[in-house]
Every structure is written in structure tokens, then in C-alpha cells.
Amino acid sequence: MNLTIRTENLTKRFGRTVAVDSISLAVPEGSIYALVGANGAGKTTLIKLLMNILRPNTGQAQVLGIDSAKLTGHAFNRIGYVSENQELPSGMTVGGMLDYFRAFYPSWDHALEQQLVRQFDLPLKRKLKHLSRGMKMKASFASSLAYRPSLIILDEPFSGLDPLVRDELIEGLIERAPETTIFLSSHDLAEIESFSSHVGYLQQGRLLFSEEMTTLANRFRDVTITLSNPAPLHANLPASWLEPQTVDCVLHFVDSGFNDDSPRELAGRFPSARDIACEPMTLRQIFLSIAKAARGSQISRVNKPSSQEKEA
Amino acid sequence: MKQILHIFLKDARHFWGEIFLSLAITAAFVCVTPHRWPANFVAHGYLDLAGILVVLVPVSWWILTARVILAERLVGDTQFWITRPYVWSNLFMAKLLFLAAFIYLPFCIAQCVLLSEAGFAPQSYLPGLLYDQMMVAGIIVLPLAAIDAITSSFARMTLILLGIYLGFLAFAALSMLSASAHVDPIDNHLTFRLCFPLAVLVFSAAIVLQYALRRVWLARGVLISLPFLLWAAALFAAHYDQAQFNRIYPAVKAGAPIQITVLPNLRSTESTSFQGSPSEVTIPLSFSMDETGVAEGYAVLTDAVRADVTAPDGSKWSSDWQAAGGYKFLPGEVPFSPGFAMPIAVYNKFKSMPLTVQLTLAITQAQAVRVNTVALATRTFSAPEFGNCAPETGWGPEFGGRVLELSHITGISCVAALSEPQLTFVSTHWTNGPCPASAGAPDPGVLGTAWVGSIDREPAQFGISPVVDAAVNLSNRYPSNQTGLRYLCPGTPIVFTQYKPAHRMQITTNIEGYHLPQVSIEGNRITISQ
């Protein structure tokens with residue numbers, strides 16, 4: 001499997017604060033990788049490290065096969081970067097900006113540029129400083145997609161945008177997906193669930209997991225077991241059970257290591273259960289349970305369980 | 001190259017307003033400045049305007065430099081260009097090209113136009129023009145660019161400039177407070193020769209570091225180190241200059257170009273104020289002397305003086321080389337009063353003893369290399385190898401209670417190209433009465449002389465205008481009885497004798513049984529009686 005982004009023990013500290021803590025990450029070529037996490041989790045810092053905007057304290061990253069510390073100049077011919085915080089040449093018009101950037105990219109596709117301008121309904125003659133936030137984002141998208149980059153990196157691209165603009169941008173992005181790798185950060189789970197192929201979760205600078213979306217969705221289940229009689233919680237519950245709690249005869253938890261054998265194993269563990277319900281979870285539900293578990297120091301339980309753990 | 005031009009053209013389009021403003025100010029400067037020159041002097045209003053424009057030209061450069069560098073600012077992590085295929089060397093060259101096109105080129109053209117306006121052929125002064133451009137770059141543009149490179153916005157850059165300005169003021173105030181009252185330092189050429197390239201190097205390093213690496217604190221560290229480096233270089237230069245005196249001015253073995261006779265000091269009382277602590281004050285000591293023996297075709301200049309004082313008990317004190325008053329001797333006997341400054345602590349040690357003072361003068365024997373005689377014209381006239389001059393026609397319609405006709409010439413004013421002229425002795429004759437109808441001064445007239453220029457001139461002196469005033473303050477301008485006026489009549493010969501250094505040497509004079517003057521200090525005033 002070709003990797004577009006690979007990091008090894010990437011760490012970034014600001015004074016005593018560890019913003020990115022020994023992150024090892026692999027983003028396969030052609031994937032749409034969503035990096036999620038709460039505000040302040042370290043998503044933007046990680047992206048800035050990948051883009052050589054910041055330098056890591058330890059560890060290293062490779063982007064399109066290039067050491068991220070050497071990512072300058074022509075290396076950006078193949079990378080499109082859009083960030084919610086990124087400044088644009090505000091004195092230029094939208095058309096002026098596209099004209100200006102066009103000369104930098106040998107692979108600039110003028111037809112695609114025109115298509116994006118139409119698709120995003122960009123006002124070419126208006127100055128960037130006079131555009132709304134949504135329009136600026138669309139202009140930034142157009143200027144970063146028109147040269148058909150091999151990698152598109154988006155830092156909170158949909159943050160604070162109205163649903164219409166958000167959908168337009170996602171549509172534009174999905175159209176480019178077959179020919180590129182997309183790496184985006186977001187804390188809006190609903191919007192990325194629909195189109196991401198991979199997901200990574202950052203919590204306080206640490207990567208809790210990083211896997212394919214389908215795998216993640218398959219291994220998380222919202223489990224409700226109705227018992228015949230009220231029973232107390234056992235002390236040695238499986239590590240993959242998050243937030244276990246009982247109310248009268250009902251035991252409820254999130255199983256982060258669910259697989260095909262899980263219903264049978266549950267039936268064996270609770271022979272007197274009147275009902276065992278294992279419901280699929282939305283990404284939002286998964287992350288809420290992870291976040292709650294992390295608060296309760298159950299961070300280690302959210303990783304994919306190893307075979308040894310399963311056996312235990 | 002394509003990327004360089006692309007960025008350059010973007011900046012040129014984007015900052016056309018700033019460019020226009022800067023060019024307009026430069027053009028106004030070129031139009032107004034000639035009115036300051038004596039030949040064109042019209043009214044004081046032009047003087048004021050030219051003075052304002054001299055300030056506005058660098059201010060426009062400041063704005064232009066800041067705008068173009070901050071367009072792709074180097075500080076921060078949200079700039080659009082840092083994730084685009086910008087090659088740092090191309091960006092750097094594009095900014096350099098912009099500064100060359102819209103600061104240096106207009107400035108160079110302005111200087112050439114001004115030189116032409118003043119009657120000088122610019123092509124004859126190319127080394128000087130380049131030297132001046134280099135100094136303007138090193139003293140104005142490069143520091144501005146370096147500060148732009150380490151700041152994130154125009155406002156911050158302005159604040160830093162303000163801070164530096166206030167820092168300079170504080171430093172100057174502290175220097176004045178701690179400075180010894182009467183020590184005139186010798187001209188320290190090495191300080192500039194060492195500090196200027198050092199500053200250029202540090203500013204350039206900070207800029208290139210920022211463009212290449214965008215390591216803001218590294219670049220800031222380099223710039224912050226500059227004052228300390230300059231201080232160290234200045235200390236080294238001052239020490240080196242003192243140490244080099246014996247090499248530059250070897251002790252004369254035989255045939256000193258002048259003879260010095262020590263005269264008894266006249267009784268006098270002088271009172272001056274001083275700044276700083278009374279315990280750090282220095283006492284100015286001077287000696288009456290006569291100088292003779294300057295050969296025909298030569299002049300002798302006193303460049304520096306040092307003293308070695310020996311007391312009867314064998315204790316000694318030696319001064320550093322100090323400025324010697326800048327005396328210039330021509331053939332004939334001339335009284336003069338060289339002196340040196342002695343720290344109050346040394347004075348207190350020696351004040352009650354008869355002393356032996358060995359006074360050593362560092363002198364330059366200058367040879368007259370060119371004599372040009374020019375007849376005074378009623379309009380601008382050229383003094384070859386000196387500059388262009390014009391007759392002064394007074395300070396107003398009325399002077400000394402008498403109406404002064406504009407045709408009455410009361411002196412000459414000259415301008416030189418890029419730097420003051422080579423040291424020149426100017427001599428002519430005044431007339432006490434009205435000028436005769438025919439050309440020439442009434443015989444014999446009164447001699448008027450002036451020294452103008454420098455014996456060791458640089459190719460150019462730092463300035464926005466390439467035309468430099470060369471003031472010719474002729475002696476005997478006013479009659480001793482202060483009645484009436486003296487004039488220069490059209491056609492009067494004016495002799496310009498140019499000198500160049502021939503030899504430098506030290507000559508020594510011993511003064512035996514010297515008693516230090518009485519000194520009293522009250523408040524910040526020092527009174528010296530001898």
C-alpha cells in the first residue's frame with residue numbers, strides 16, 4: 001500500500017505544552033482521511049507540521065515521499081492546502097488571485113479553474129477582502145484544486161460555514177477524490193462521516209486510533225443487555241467495553257471491539273439475558289463515547305483490541 | 001527568473017499607489033533642492049520645503065519597503081504563500097528587484113539630475129554615486145528591510161522603529177551624561193569602516209536567514225546582537241586607531257617641517273559647564289606656541305595631540321591621542337594653542353608639582369598640488385577640481401542700516417559633488433569701497449582667505465542630495481571698526497590652492513617646570529585660572 005503521508009513519533013511542544021505527542025500516522029494513497037478531535041486536540045498543529053509551517057521537536061513526517069522539513073518551493077506543486085485561518089492576498093480580486101497563482105503551477109488546468117469558478121459561483125472581479133467567509137473559502141478551494149494536486153490538505157475547511165456552502169465545497173472535493181488523496185481535519189463529525197474513507201482521532205495531542213471508516217463503524221456497537229434479575233457490574237469487564245453501566249436489569253455499554261463472534265460471546269457471558277441488542281453507531285456517537293471514556297481514563301480501551309486482549 | 005518577474009509584476013501592480021507617491025516625492029525633491037543652492041537661492045520657503053522633502057524621501061522608502069516585504073510577510077504561520085510553490089531565492093530576488101526598480105533607480109536618476117543641475121557631469125562621479133548608493137542602502141534601506149523581515153505587520157514594524165529611535169535618544173542622552181567634558185576624540189575612521197560593513201553584514205544575514213529558513217527568533221537574535229557587535233567593534237577600532245598612530249605618524253628623525261616655540265601662557269580665567277559626575281570631569285589644558293618653518297608650496301595640519309606628563313617624584317601620566325584643534329599652517333609665523341584634556345583624578349595628583357610635559361603633535365604635511373585662479377563672475381562660475389560657486393549678494397535689502405544693492409557681492413558660496421572638496425585654500429581680495437566700473441578690485445584690497453574641504457575625503461558622504469555645500473567663509477569679511485561693508489568686485493581673482501597629503505609625522509616639544517592651572521568646580525561649572 002502506497003502511503004501519501006507517514007509520520008513517526010512526531011512530537012511538537014510549545015513550552016511545556018505538548019501539542020502533538022509522538023504521533024505515528026499512515027495515510028494511504030487515494031484515501032479521504034479525516035482527522036477528528038475536539039478543539040485544541042492538536043489537529044491544526046499536526047497539519048502545520050506536515051506542511052512544514054512548524055518544525056517538529058522530535059520525530060519525522062513524510063509527505064508525498066518528501067521529508068516534511070524539506071517541503072518547500074516546487075514540492076507544493078502537488079499539494080493543495082486550505083485552512084480556515086489561512087490569509088489570502090486580500091488586495092487582489094478573485095480573478096486576479098487565480099491569474100497570479102496560475103503561473104506558479106505547471107499543471108494548472110484552466111478548464112477546471114473555470115468549472116470551479118462556475119460551480120462555486122465565484123465573483124471574479126470582487127476583491128478578496130470584500131468577500132464573505134464562505135466565498136473566501138470557496139475561492140481558496142478553487143485556487144487549491146485547479147492544478148489537480150496529488151494531495152489536498154484541509155484544516156477545518158467547513159468550520160463556521162453555512163450548510164449550502166459546506167455542501168458545495170464537499171461536492172467539489174468529492175469530485176476531485178478519484179485523482180487525489182484528501183487529508184482533512186474537522187470537529188464536525190456528521191459532515192465527514194458521509195465521505196471519509198479513513199479516520200483518525202486526536203485527543204490532547206495523542207492519536208487514539210487511526211483506521212478505515214468501515215472498520216471503525218463495524219467494531220463499535222451500542223450494546224444493551226436486558227437481564228432477568230438486577231446484577232451488579234463485575235470488576236473485570238473486557239477492556240473494549242466503554243462506559244458500562246447498569247440500571248435495574250439493564251446493562252448498557254459501548255463495545256469498541258465488536259466482531260462477528262461478539263453476539264455469541266455475549267450470550268455465553270450472560271446466559272440469563274432476556275435480550276441482547278447490538279446497535280450500529282454513528283460516528284458522532286462513537287466519538288462521544290470515546291471522549292467520555294477518555295475523561296474516565298479509559299483511553300487505552302478505544303484502540304483496536306489485539307488478539308490477546310480478545311482472548312482475555 | 002519567470003517566478004521572480006511574476007512576483008515583481010504582482011507587487012508593482014499592487015503597490016502602484018505607494019510607488020507613485022514615492023516617485024512624486026523624489027521628483028519634488030529634485031525640483032525643489034536646486035533652490036537651496038546659492039546660485040539659485042530664491043526664498044526661505046524653498047529651504048523649508050527642501051528640508052521636509054529630505055525627510056519625506058526616506059519615509060516614502062520606509063513605506064514602500066514595508067509594503068512590499070510584508071506583502072509576503074516572513075513572520076507567522078497563516079500566510080498564503082508559504083504553502084504555495086514559492087522558491088525562497090526567487091521571492092528574495094523579486095523583492096530585491098522591486099527595491100532596485102522603485103527605490104535605487106529613481107534615487108540614482110534623481111542624483112544624476114541634481115548633479116547635472118548643479119553643473120557637474122554625473123558620469124565623472126560614478127564611483128562616488130555608487131558609494132553614496134551603498135551608504136544609503138546600508139544606513140536606510142537595509143535596516144528597514146531587516147526590520148520588515150522580522151515583523152508581522154506594518155504597525156509592529158512602526159513600533160519597532162519608534163522603539164529603536166527612542167533607544168538611540170536614550171543612548172545619546174546617557175552618552176552625553178557620562179561623556180567627559182572636554183575630551184575631543186580624534187577622527188575615528190576605522191570605526192565607520194569597521195562598523196558599516198559589520199552592520200550591512202548583520203542586516204543582510206538576518207534578511208537572507210528569514211527568507212531561506214523563516215526562523216524568526218534566529219533572525220531576531222542576529223539583529224539583537226548587532227548593537228553589541230557594533231559596541232565591540234567601536235571599542236576595538238578606538239583602541240586600534242590609538243595603536244596605529246605611531247605607524248601612521250612616525251616620529252620625525254630629522255628635518256621637521258615646522259619648528260615650534262613655547263611661549264609663556266597668558267593669565268586668563270575660563271569658565272565652562274560640564275555634564276556628568278564631577279569626579280569624571282576632564283580639565284582642558286592649553287599652551288601658547290609659535291609655529292614657523294612651513295616650506296613654500298606646503299601646508300601643515302595638526303591632526304592629534306598627546307601628552308606625557310612627568311612629576312619630580314618620577315610619577316608619570318600619558319594621555320591618549322586627542323583632537324588637536326585642526327590648525328592649518330602656511331609659510332610664516334603663526335601663534336597657536338594646542339592642548340589636551342586631563343582627568344580630574346590625574347589633575348589632583350599633579351596639581352601642586354612642577355611638571356615636565358612632553359607634547360607630541362601628529363601632523364600632516366600637505367603639498368599644494370593644484371592652483372586655479374578664477375575671476376569672480378556675477379553668476380555661477382566653476383572652480384575646477386573644487387566645485388561650482390556663485391556670488392553671494394547679501395542677506396536682504398537692508399544690512400547695517402544701508403540699502404544693499406543686489407549687485408554688491410558680499411562673499412561666495414560653493415557646492416561640490418557628492419562630498420566636500422579636497423582640502424583647498426581659497427584666497428581673494430575684498431574692497432572697502434564701491435567696486436570700480438571696470439573689472440578688477442581696487443588696489444590693494446584686503447586679503448580674504450578660507451580653508452575649505454578635507455585632506456582625507458571619502459568618494460561620497462552620506463546624504464540624499466548628491467550636491468554638498470562647500471562653505472567659503474572668507475576672513476576679514478567685516479571691517480574691524482564694524483562700519484560699512486566689504487565687497488568682492490566682479491572680475492576679482494579668486495585663487496583655489498588644493499592640497500594633498502605628502503607626509504605624516506610626530507613632532508615633540510618639551511615644556512619644563514609647568515604648573516597646572518587653578519581649577520574650581522561649582523555645580524556643573526568648572527573655572528580654570530592660569
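Helices (H or I, at least four residues) and strands (E, at least two) are DSSP runs, numbered from the N terminus. The model is predicted: local features need pLDDT of at least 70, side-chain atom pairs count only at pLDDT 80 or more, and totals for chains, interfaces and linings use all residues. Residues are numbered from 1 along each chain as its sequence is written, with chains lettered from A and ligands numbered from 1 in the order in which they are written.

**Exercise 1.** Describe the build of chain B.

*Solution.*
- Take secondary structure: chain B has nine helices and 22 strands.
- Take extent: its C-alpha atoms fill a box of roughly 80 × 70 × 45 Å along the principal axes.
- Take burial: 34% of the 530 residues of chain B are buried (20 or more other C-beta atoms within 10 Å of the residue's own, with C-beta atoms placed from the backbone).

**Exercise 2.** Find how many residues each chain gives to the contact between chain A and chain B.

*Solution.*
- Apply the contact rule: C-beta atoms, placed from the backbone, lie within 7 Å.
- Count: chain A gives 21 residues and chain B gives 14.
- Sort the chain A side: 12 are nonpolar, seven polar and two charged. Ala, Val, Leu, Ile, Met, Phe, Trp, Tyr, Cys and Pro count as nonpolar, Asp, Glu, Lys and Arg as charged, and the others, Gly among them, as polar.

**Exercise 3.** Work out how the two domains of chain A meet.

*Solution.*
- Set the bounds: domain 1 is 3–214 and domain 2 is 220–311, from an automatic or database domain assignment.
- Place the centres: over C-alpha atoms, 36 Å separate those of domain 1 and domain 2 of chain A.
- Count contacts: 10 residues of domain 1 of chain A touch 11 of domain 2 of chain A.
- Name the elements: α6 (189–193), β9 (198–203) and β10 (206–212) of chain A each give two or more residues to the domain 1 side.
- Sort that side: seven residues are nonpolar, one is polar and two are charged.

Technical notes:
Buried ≥ 20, exposed ≤ 12 C-beta atoms within 10 Å, placed from the backbone.
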